[in-house]
Amino acid sequence: MPPGTEADDFRAPARRPPPDYSQRSVKLRIFIYLAAIMAVLSVIERSRNPQTWQWMWGRGLASEAPLDTRLRESGHRTANDPAGAFVAMPESKAEQEPADITAARAAIQDDTPVFRPAERKIWFHELAHVLNADEEQLENDALKNVAYLQLHKQPADYRGKVVSVKGTVRLAYRTPAPANDLGVNEYCVYVLQPVGQPDAVIFIYALAAPPGFPRLGADSGDPKGKMRQDVEVTGVFFKRCAYAARGGTYTAPVLIAKAPRWRPPPVAMQPSDRFTALEIAGAAVAALLLAICIAAVMWKRTGRSHRLAAQQKSGGFVELGPLEVAPSPQEVLRELERQARGEGNG
């Protein structure tokens with residue numbers, strides 16, 4: 001056998017000892033490895049978001065300026081008067097007694113409060129339309145997936161039409177309705193954040209709430225009315241109203257509807273329903289086998305390191321084992337003498 005091929009040949013190169021995990025440099029190296037793995041996983045997670053790619057390539061961020069829905073100063077005589085102040089002025093013929101519904105809709109003024117005395121008749125006309133209409137017929141007549149910008153920038157084109165919008169309800173509350181002949185005592189008001197417009201809202205004045213919908217607030221200031229529920233609403237577009245908010249007066253579209261269409265989120269499964277006894281036992285057996293494998297590997301690596309350490313301490317000399325010692329000269333002479341005497345006697 002060629003020299004240097006035996007496993008315990010002292011001329012063979014010494015094996016690299018296992019890392020000492022108690023040293024600071026080894027701990028730092030492990031920490032760097034873990035940090036790199038976590039960084040890679042974070043990049044993978046962020047890459048699933050389309051906005052990340054838009055930010056990386058600089059696309060879609062500055063292509064469209066944010067929509068400013070704040071209502072500017074109109075210069076009216078009552079612009080700086082307290083709320084509820086009015087000036088008696090002769091109303092037009094169309095506002096006193098509209099000849100027909102078309103004239104009444106034409107008299108609606110955008111960028112004004114939701115309820116105006118001059119718009120009372122047309123409001124309850126649209127409310128009666130929604131109240132008496134069949135839901136299936138409303139769906140068939142609706143303009144599907146109307147964008148927020150269409151309602152906000154083209155209110156005259158959509159006034160009185162049945163439209164369908166999607167969004168997330170951020171606030172829902174109840175408010176009393178003025179006396180009317182329709183038997184409507186209150187409205188369910190939904191502040192809808194439309195899809196694709198995080199800084200805009202649509203006011204939905206509905207007649208009811210969907211079955212199982214979260215509890216509505218007692219008024220607009222009730223914190224219990226805050227929520228985050230995805231809905232789809234089909235109703236009649238009334239106008240672009242003005243409303244007071246923090247920072248000034250803003251504008252938002254107003255819809256009259258029966259009730260939003262809402263799907264309750266799936267109920268989270270309880271742990272007892274998610275895992276059976278057989279699955280738990282299988283997981284325990286798998287964990288036990290994994291622990292045994294890890295212990296066997298560690299025991300083997302530890303035994304090998306101990307043998308290498310003992311070999312290094314012995315200076316690399318090979319243990320020769322028991323050796324046979326040759327007889328001394330005196331014993332050889334005695335043996336020859338016994339043999340000579342035996343031959344002489346013979």
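This section describes the confidence, salt bridges, aromatic pairs and a nonpolar surface patch of a predicted model.

Across the protein chain the mean pLDDT is 76, and 68% of the residues reach 70 or more. Confidence is not uniform along the sequence, since over residues 85-98 the pLDDT stays under 50, and for this segment the model has nine contacts beyond four places in sequence.

The salt bridges come to a count of 11. One of them pairs the side chains of Arg261 and Glu139, with an N to O distance of 2.2 Å. Because Arg261 belongs to strand β6 (residues 261-262) and Glu139 to helix α6 (residues 135-141), this pair ties together parts of the chain that lie 122 residues apart in sequence. Glu139 also meets the side chain of Lys144 in a salt bridge, here with an N to O distance of 3.1 Å. As to solvent exposure, Glu139 is partly exposed at a relative accessible area of 21%, a value just outside the buried class, which is defined as under 20%. Arg261 is likewise partly exposed, with a relative accessible area of 32%, and Lys144 is partly exposed at 46%.

A further salt bridge is formed by the side chains of Arg338 and Glu335, for which the N to O distance is 2.3 Å. Both residues lie in helix α11 (residues 329-345), and because they are three residues apart they are separated by about one helical turn. Arg338 is exposed, its relative accessible area being 51%, whereas Glu335 is partly exposed, with a relative accessible area of 36%. Returning to Glu139, salt bridges with shared partners join this residue with Lys144, Glu232 and Arg261 into one network.

The aromatic pairs also come to a count of 11. In one of these, the ring centres of Trp123 and Phe238 are 5.0 Å apart and the ring planes stand at 85°, so the arrangement is edge-to-face. Trp123 is placed in helix α5 (residues 120-132) and Phe238 in strand β4 (residues 226-245), and the pair therefore ties together parts that are 115 residues apart in sequence. Trp123 and Phe238 are both buried.

A second edge-to-face pair is made by Tyr187 and Tyr205, because their ring centres lie 5.8 Å apart with the planes at 80°. This pair links distant parts of the chain, with Tyr187 in strand β2 (residues 186-194) and Tyr205 in strand β3 (residues 202-206), 18 residues apart. Tyr187 and Tyr205 are each buried. The four residues of these two pairs, Trp123, Phe238, Tyr187 and Tyr205, form one aromatic cluster together with Phe115.

At the surface, a nonpolar patch of about 690 Å² is made by Tyr21, Ile30, Leu34, Ile37, Val40, Leu41 and Ile44. Among these residues, Ile30 is found in helix α1, which spans residues 24-47. Ile30 is partly exposed, with a relative accessible area of 35%, and this value is therefore above the cut-off for patch residues, which must have over 30% relative accessible area.

Key
Residues numbered from 1 in each chain as written. Heavy atoms only, no water. Salt bridge = Lys/Arg side-chain N within 4 Å of Asp/Glu carboxyl O. Buried < 20%, exposed > 50% of the residue type's maximum accessible area, 1.4 Å probe, protein only. Helix = DSSP H or I, 4+ residues; strand = E, 2+ residues; numbered from the N terminus. pLDDT = per-residue confidence, 0-100. Contact = heavy atoms within 4.5 Å. Patch = residues over 30% accessible without salt bridge, like charges linked within 9 Å, V, L, I, M, F, W, Y side chains within 5 Å. Areas by Shrake-Rupley, 256 points an atom, 1.4 Å probe, with all protein chains shown as cover. Phe/Tyr/Trp six-rings, centres within 6.5 Å; stacked < 30°, edge-to-face > 60°.
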